[in-house]
Amino acid sequence: MIDNLHDQARGRDIAVVGIYCDFLAQQEQSTTNILGAILKQLANRGGIPEHIRETYRKSKNEFGHRGLRLPDIVEILKETITPLQRIFVCVDALDELTPKHRRELLKSLQEIVRISPNMRILLTGRPHIDDEVMEYFSKAVRMPVSPTQDDIRSYLKMRLGVDTTPKAMDDKLRADIMRIIPEKISEM
Amino acid sequence: MLSGRQQVTGNINSFNAWTRYNNIINITAEQDAERDQILQWLSPLEPQQRHEGVRTNRLDCVGNWALETDQFRKWCDVQDGCAELVLFYYGNPGVGKTYIR
């Protein structure tokens, strides 16, 4: 999906950024770090904007070279995003953040979208965070994800191609696998 | 780098060219150091690395249905202010929200 958006954005003033949340990185994936990673991708894309450089130099001169705080980063993001024609922000596996960070992130995105309607947000997650997403974005379009029969067949074909015991396979077994598994999955 | 040095040894003019060249390198190296510091200051996370992993492992064509839905197209294309800004794809673990591999 991110690659598809990148293809569409090529040659236009459109940015695409992506974040993958991970249970195993919960400590590191704070709201500040995640929003910072969005900025980082924007800065990587078109060079570091002057206002970011200035804020960095200012903070460097302050006592203790303080790190970025959430309100700072929200402000910097707003300033960076506004001149863009459009920005797509994709956050994968939102449910894998801690509940605290998840709420903070949704709230910050809500605040940014309010002044930057050029931002589009794509979220993925398990169904149990649905209420939370709707709380911050009541008009969000909800899309259930389940693999299509074609997807399952492509997947099975790939896996059968890397079978480690090909001797145990014959045409009938192969045909049964290709027929029965997609059927069973769509019944689930 | 070494071949560059070999080429410029021999006469004074090219030696000057070499020092100038070195200065330029130093300046860009300095700017790059600040750039790296700023990127690190913005966030220690490296989501692009994870994206490379997903891109390498994902099965082509799988999940294309999601790109062809009206909702997705609208979300991408419709003018600001005329479309919903947020799409939420939900599903249980392993259904292919990130990718299928």
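**Chat: chain B against chain A**

Colleague: How many residues does each chain bring to the contact?

Modeller: Chain B gives 51 residues and chain A gives 69 residues. Keep in mind that this is a predicted model.

Colleague: And how much area do chain B and chain A bury between them?

Modeller: About 5,800 Å². Carbon and sulfur atoms account for 64% of that area.

Colleague: Which three residues supply more of chain B's buried area than any other three?

Modeller: B:W41, B:F88 and B:Y90. Together they supply 15% of the area that chain B buries against chain A.

Colleague: What about charges? How many salt bridges between chain B and chain A?

Modeller: The count is 3 salt bridges. One pairs A:R57 with B:E34. Their closest N and O atoms are 2.8 Å apart.

Colleague: And how many residue pairs in polar contact across the interface?

Modeller: The rule finds 22 such pairs, with both residues at pLDDT 80 or more.

Colleague: Which elements of chain B give two or more residues to the side that touches chain A?

Modeller: Four helices and a strand: α2 (12-42), α3 (47-57), α4 (64-67), α5 (70-77) and β1 (86-90). The one that gives the most is α2(B), with 8 residues.

Colleague: What's the make-up of that side by class?

Modeller: The side of chain B that touches chain A has 27 nonpolar residues, 13 polar and 11 charged.

Colleague: Let's talk about β1(B). Which strand of chain A do 4 bridges join to it?

Modeller: Strand β4 of chain A, residues 141-144. The two run parallel. In that pairing, A:V141 stands opposite B:L87.

Colleague: Which strand of chain A pairs with β1(B) over 5 bridges?

Modeller: Strand β3 of chain A, residues 119-125. That pairing is parallel too. Here A:L122 is the residue opposite B:L87. So B:L87 has A:V141 opposite it in one pairing and A:L122 in the other.

Colleague: Is β1(B) enclosed or open, and why?

Modeller: Largely enclosed by the rest of the structure, because 4 of its 5 residues are buried.

Colleague: Step back to chain B as a whole. How many helices and strands?

Modeller: Chain B has 5 helices and 1 strand. Along the sequence the pattern reads α-α-α-α-α-β.

Colleague: What share of chain B is buried?

Modeller: 32% of its 101 residues. As for contacts in chain B between residues at least 6 apart in sequence, 38% join residues at least 24 apart.

Colleague: New topic. Where is A:T82?

Modeller: In the loop between α4 (70-81) and β2 (86-92) of chain A.

Colleague: How does A:T82 count: buried, partly exposed or exposed?

Modeller: Partly exposed, because its relative accessibility is 43% and that class runs between 20% and 50%.

Colleague: What is A:T82 in contact with, leaving aside neighbours within four places in sequence?

Modeller: A:I115, A:S116 and A:N118. There is also a backbone oxygen to look at: that of A:K78 lies 2.6 Å from a polar atom of the A:T82 side chain.

Colleague: And how far is A:T82 from A:I185?

Modeller: 44 Å in space, C-alpha to C-alpha. In sequence, A:T82 and A:I185 are 103 residues apart.

Notes:
Residues numbered from 1 in each chain as written. Chains lettered and ligands numbered in written order. Predicted model: local features only at pLDDT ≥ 70, side-chain atom pairs only at ≥ 80, totals over all residues. Heavy atoms only, no water. Contact = heavy atoms within 4.5 Å. Buried area = accessible area lost by both parts, 1.4 Å probe. Salt bridge = Lys/Arg side-chain N within 4 Å of Asp/Glu carboxyl O. Polar contact = N/O pair within 3.5 Å; in protein donor to acceptor, adjacent residues only side chain to side chain. Nonpolar A, V, L, I, M, F, W, Y, C, P; charged D, E, K, R; others polar. Pairing = 2+ DSSP bridges. Buried < 20%, exposed > 50% of the residue type's maximum accessible area, 1.4 Å probe, protein only.
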